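Student: I am new to this structure and would like a close look at a single part of it, the nonpolar core. Please describe what surrounds that part as well.

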Amino acid sequence: MDPSVKTNLEDINQLSRQLGSTLYLVGGTVRDHLIGKSCTDYDFTAHHAPDIARTWAQKIQRPLVPLDETPGHETYRVALDQNLYFDFTTLQGKEIEDDLAQRDFTINAIAIPLTDFVEGKTKLIDP
């Protein structure tokens, strides 16, 4: 993993912990990680994902792009450059398993807690 990406992930993880929220990597990000493919689009979900996105975008002075502002389904993107995106979506349901049960493809229904990911652990949540 690119050292600057790891630094950004550690920073995002710290913000999520400060907000009392567990942030999960989901979707294509997990798929790419599992097959050893370099990732340029990081997908996160958490109850406070929009707050994490806003705080982090402001901290690193990058634009926050709303992709969906439907209450309870908010998704925001923070783009570091043309080839590196961080998307934050509100967790659907009370627990991560509820969110994963609503995803379209089996491979997209796997998550990794961001804390574990930045520590190099691959503790998958795969219902």
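Tutor: A nonpolar core is a set of buried Ala, Val, Leu, Ile, Met, Phe, Trp, Tyr and Cys residues joined through side-chain atoms within 4.5 Å. Buried, in turn, means under 20% relative accessible area. The model is predicted.

The largest nonpolar core here has 27 residues. Those with the most contacts inside this core are L9, I12, Y42, F44, F86, F88 and L114. At least two residues of the core come from each of α1, β2, α3, β4, β5 and α5, the last of these being residues 114-118. Helix α3 gives the largest share, five residues. A second core, separate from this one, has eight residues, including V26, L91, I96 and L100.

The strands come next. Strands β2, β4 and β5 belong to an open sheet of six strands with mixed pairing, in the order β3-β4-β5-β2-β1-β6. At its edges are β3 (64-68) and β6 (111-113), each of which pairs on one side only. From one strand to the next, the twist averages 30°.

Within the sheet, β2 (residues 41-46) runs parallel to β5 (residues 84-90), and six bridges join the two. One position in that pairing is D41, whose bridge partner in β5 is Y85. On the β4 side, β5 is joined by six bridges as well, but β4 and β5 run antiparallel. In this pairing V78 stands opposite F86 of β5. The connection from β4 to β5 is a hairpin through two residues. Strands β3 and β4 are also antiparallel, with four bridges, and V65 stands opposite R77 in β4. These two strands form a hairpin with six residues between them, and G72 in its turn has a positive phi of about 85°.

Two helices lie across these strands. Helix α1 (residues 3-18) lies across β2, β4 (75-81) and β5, at about 20° to β5. Helix α3 (residues 49-60) lies across β2, β3, β4 and β5, at about 25° to β4.

F86 shows how these elements come together at one residue. Leaving aside residues up to four places away in sequence, F86 touches N8, L9, I12, Y42, F44, W56, Y76, R77, V78 and L80.

The aromatic rings can be followed in the same way. A search of the whole structure finds five aromatic pairs. One of them is F44 with F88, a stacked pair at 4.9 Å centre to centre with 20° between the planes. The pair links distant parts of the chain, since F44 is in strand β2 and F88 is in strand β5, 44 residues apart. Both F44 and F88 are buried. F88 also forms an aromatic pair with W56, at 6.2 Å centre to centre; with 55° between the planes, this pair is tilted. Here W56 is in helix α3 and F88 in strand β5, 32 residues apart, and this pair too links distant parts of the chain. Both W56 and F88 are buried. Ring pairs link Y42, F44, W56, F86 and F88 into a cluster.

One further ring contact involves a charge. R77 lies over the face of Y85, at 4.5 Å from the ring centre.

Key: Residues are numbered from 1 along each chain as its sequence is written. This is a predicted model: local features need pLDDT of at least 70, side-chain atom pairs count only at pLDDT 80 or more; totals for chains, interfaces and linings use all residues. Side-chain values use heavy atoms; hydrogens and water are left out. Two strands pair if DSSP finds at least two bridges between them. Axes are lines fitted to C-alpha atoms, for helices over the stretch in contact, and angles run from 0 to 180 degrees between N-to-C directions. Contact means heavy atoms within 4.5 Å. Buried means under 20% relative accessible area, exposed over 50%, partly exposed in between (1.4 Å probe, protein chains only). Rings of Phe, Tyr and Trp (its six-membered ring) pair if their centres lie within 6.5 Å; planes under 30 degrees apart count as stacked, over 60 as edge-to-face and the rest as tilted. A charge sits over a ring if NZ of Lys or CZ of Arg is within 6 Å of the ring centre and within 35 degrees of the ring normal.
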